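Student: I should like to learn how to read the features of a structure that is new to me. Could we work through it together?

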Amino acid sequence: MIRTSSPRRLDGPIHRPATGAAGVMLALLLVPAAFAADQDLAGHWNGTVELPGQELEFDVDLRSGSDGWSGDISIPAQGLRDVPLAGIEVEGDSVRFAIPGIPGEPTFEGTLAGDVVEGDLSQGGATFPFSMTSGVDLATRAREALEGIDPIIEQALEDFSVPGLALAVVADDEVVLAKGYGVRDLGTGEPVTEDTLFAIGSTTKAFAAFVLGLLVDEGKISWDQPVIELLPDFRLHDDHATRRLKVKDLVRHSSGLPRHDAVWYNSPDSREELFARLRHLEPSRDLGETFQYQNLMFMTAGLLAERVTGKSWEELVRERILDPLDMERTNFSVETSKQDPNHAAPHAIEDQEARVIPFRNIDTIGPAGSINSSVSEMTQWIRLQLGGGEIGGERLIETATLQSMHTPQIAAGSYPTDGTTLPMGYGYGWMTEAHRGHFVVQHGGGIDGFISWVALLPHDGLGVVAYTNATGMNPLPTAVARTVIDRVLGLEEIDYLQKGRDAIAEALAAQAEAEKSSEAKRQEGTSPSHDLAEYAGTYAHPGYGEVEVSQGGDGLSVVYNGIPAELEHWHYDTFNAQKLEGGDPALDDTKIIFRLDVNGEISELEAQLEAAVDAIVFERQPDPRLFEGEYLDQFVGVYESSTQRSTVARSGDQLTLSLPGQPIYRLEPIRENEFELQGMPGFSVEFVRDDDGAVTAIRFVQPNGIFEAKRVEEP
């Protein structure tokens, strides 16, 4: 492989066809060429070099002045942008230009005919045909193509009940559009501008992958390194996955875990606490078997970066990305955004009407989706991506590393329904697709009240970012962005907005059918097996945390991760969660089933919080008073039956049981008055109370029967 001696490094070899008996292979990394022409060559030129099995596109801008010729060249596919040309020469219709300082002395020689230059690129004895056509530069074409788009967007906002949208377009390293439409807050009516801050949701993931890429460049980690080598306390439910999961699996959604989003959504737990819960989350597929979107793995990627560097993920992004790109107002928390005078409020669309909703703080899951930014600042991020890791002459990341993020690393997506957009896969923090014959690197983002989309076309030098401040049935970010892409590329028009309307109609029909089907399966005329008060309590799962059920008035209510809902009796011991009026809809229409143990007592609660695995089972927790020493004193004493004498004592905040000739057993609380013998499955004790609530006896519950002993001594 031939490399330049300059600090710019391009990856992507060009191979020469075999010649002669032995055959010759050449790996060429294209860098800026210099070339000569007459006055007709001034302007913009679009060119291609014909390589075996492919064409490599480039563009050249030439200028003629008193000091002679100058110009620059860009090769989008290899991340090369506006590199100065040198040594331009012309003799009649013949043009010649060379690439100085490159081994093999690559030289372009061609003939000018009208507005076309055709010839050969030669290097080290190999030749490749090239041609250039005079034309309009991409930035100019983009500006012209986007004329008249404003009324289309404004009408779309009205049609889809979306309060506001911000749009930015980068073409050939120029910001050709950065603008706001609509309002950022229905309550105030303040307009969206190019500087309005939006929550960008999962488009944050590209930043998380970028940080890992920086550590890869520095040799501190590698994509193929097992995570457990860097995080010794990393544990998954499956031992094989724990030992074999690699760094790249964190950022390409190949861990084997489904989403399990309820674990972190609105959770008060810290990043480290959520990390410790991973071992209790059930996988749905084997490691690396298939693509499954997984936010907790991106959180883990951020935690890994923190452990490796000793700095928080937020500090790393600020120092290594945002500061070099002058993205000063971009931040990591909606709490910070709310302090900025130009921020968008979150909205939800219900029944074709938008309303303001509360911000959702997702700082804990930050690397998966907590960044807030404006389209004006995001153009810097787009320029960096399209520039192959370099912007304004400063290189932030190696081109090869960045291109690995843009390369499909695992198959993703479903079977395509038409030929417009063909999913290719997921890279590192980016989706990849073929859009009408053009390679697109993109990612969407959605968090309460905001939907966003970012798209890069590296081979075309084009990038688009669209932010909106409404969740619900809101197809605008992708519909508007794809409209922009097609216009700039000069493709035949497709009405993406109408496709969005059709998709909404289909979704509403499917939703209505699902609700009808659910109601049809409801068993009428049934009632709960216990009094409602007996369902109240705390239920816990080691991965999902705690669910609180309480009785109020004539019904039950539930709280999970701070999200409250009412429980409507559905049938038997199944209840249906319903959001409070104007409240958080996260648990809405979740079915909660209470399970009974062999004694008919309510012992567990199950809820289908993750569709890809079995229902999550929460075990009923003992009354917290059973862990308080003073409360336990009421059970202390000597109990006697016709066959044996037993003693219950207190050790700290736990009871113990002594039986003649046996070791001392610790008693683990089950529920009020009931305890298990630690280390003795199937053996428990139940304290018996009289009508006044005083403890009068103890029952031994064991596989061969139930035995009772009277209390004969108190402490």
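**Reading a predicted model**

Tutor: Let us begin with a single residue: F210 is buried, with a relative accessible area of 0%. Please keep in mind throughout that this is a predicted model.

Student: In which helix does F210 lie, and with which residue does F210 form an aromatic pair?

Tutor: The structure holds 22 aromatic pairs. In one of them, F210 and W381 meet edge-to-face, at 5.4 Å centre to centre and with 65° between the planes. F210 belongs to helix α3 and W381 to helix α12, so this pair ties together parts that are 171 residues apart in sequence. W381 is buried as well, with a relative accessible area of 2%.

Student: How many residues of α3 are buried?

Tutor: Eleven of the 13 residues in α3 are buried, and the helix is mostly covered. Among the buried residues are K205, F207, F210, V211 and L215. As for its length, α3 reaches 19 Å from its first C-alpha to its last, close to the 18 Å expected at 1.5 Å a residue. After α3 comes G219, whose phi is positive, near 75°.

Student: Which residues of helix α9 are buried, and where on the helix do they lie?

Tutor: In α9, which spans residues 313-322, the buried residues are W313, E314, L316, V317, I321 and L322. Because they cover an arc of only 155° around the axis, they lie on the same side of α9. What covers these buried residues includes α3, α7, α8, α11 and α12. Helix α3, where F210 lies, is thus met again as part of the cover of α9.

Student: Let us turn to charged side chains. What is the general idea behind a salt bridge?

Tutor: Side chains of opposite charge can pair when their charged atoms come close. The structure holds 43 salt bridges. One of them joins the side chains of K179 and D150, at 2.2 Å from N to O. K179 lies in strand β11 (residues 174-182) and D150 in helix α2 (residues 150-160), so the pair ties together parts that are 29 residues apart in sequence.

Student: Are K179 and D150 buried or partly exposed?

Tutor: K179 counts as partly exposed at 31% relative accessibility, and D150 also counts as partly exposed, at 22%. A residue is called buried under 20%.

Student: Which residue forms a salt bridge with D173, and how far apart in sequence are the parts that the pair ties together?

Tutor: The partner of D173 is R383, with the closest N and O atoms 2.9 Å apart. D173 lies in the loop between β10 and β11, whereas R383 is in helix α12 (residues 375-386), so the pair ties together parts that are 210 residues apart in sequence. D173 counts as partly exposed at 24% relative accessibility, while R383 counts as buried at 18%.

Student: What does the salt bridge between D597 and R671 tie together?

Tutor: In that salt bridge the closest N and O atoms are 3.5 Å apart. D597 lies in the loop between β28 and β29 and R671 in strand β34 (residues 665-671), so parts that are 74 residues apart in sequence are tied together. Here D597 counts as partly exposed at 23% relative accessibility, and R671 counts as buried at 14%. Salt bridges can also share partners, and in this way E686, R699, E708 and K710 are joined into one network.

Student: Which charged residues lie over the ring of W570?

Tutor: R522 lies over the face of W570, at 4.1 Å from the ring centre. The charged end of K591 also sits over the ring of W570, 4.4 Å from its centre.

Student: Which residues do ring pairs link into a cluster?

Tutor: The cluster consists of Y631, F635, Y639, F675 and F687, linked by ring pairs. To read such a cluster, one may trace its rings in the model and then return to the pair of F210 and W381, which is edge-to-face.

Notes. Residues numbered from 1 in each chain as written. Predicted model: local features only at pLDDT ≥ 70, side-chain atom pairs only at ≥ 80, totals over all residues. Heavy atoms only, no water. Salt bridge = Lys/Arg side-chain N within 4 Å of Asp/Glu carboxyl O. Helix = DSSP H or I, 4+ residues; strand = E, 2+ residues; numbered from the N terminus. Buried < 20%, exposed > 50% of the residue type's maximum accessible area, 1.4 Å probe, protein only. Arc of directions from axis to C-beta. Contact = heavy atoms within 4.5 Å. Phe/Tyr/Trp six-rings, centres within 6.5 Å; stacked < 30°, edge-to-face > 60°. Lys NZ or Arg CZ within 6 Å of the ring centre and 35° of its normal. Expected span 1.5 Å × (residues − 1).
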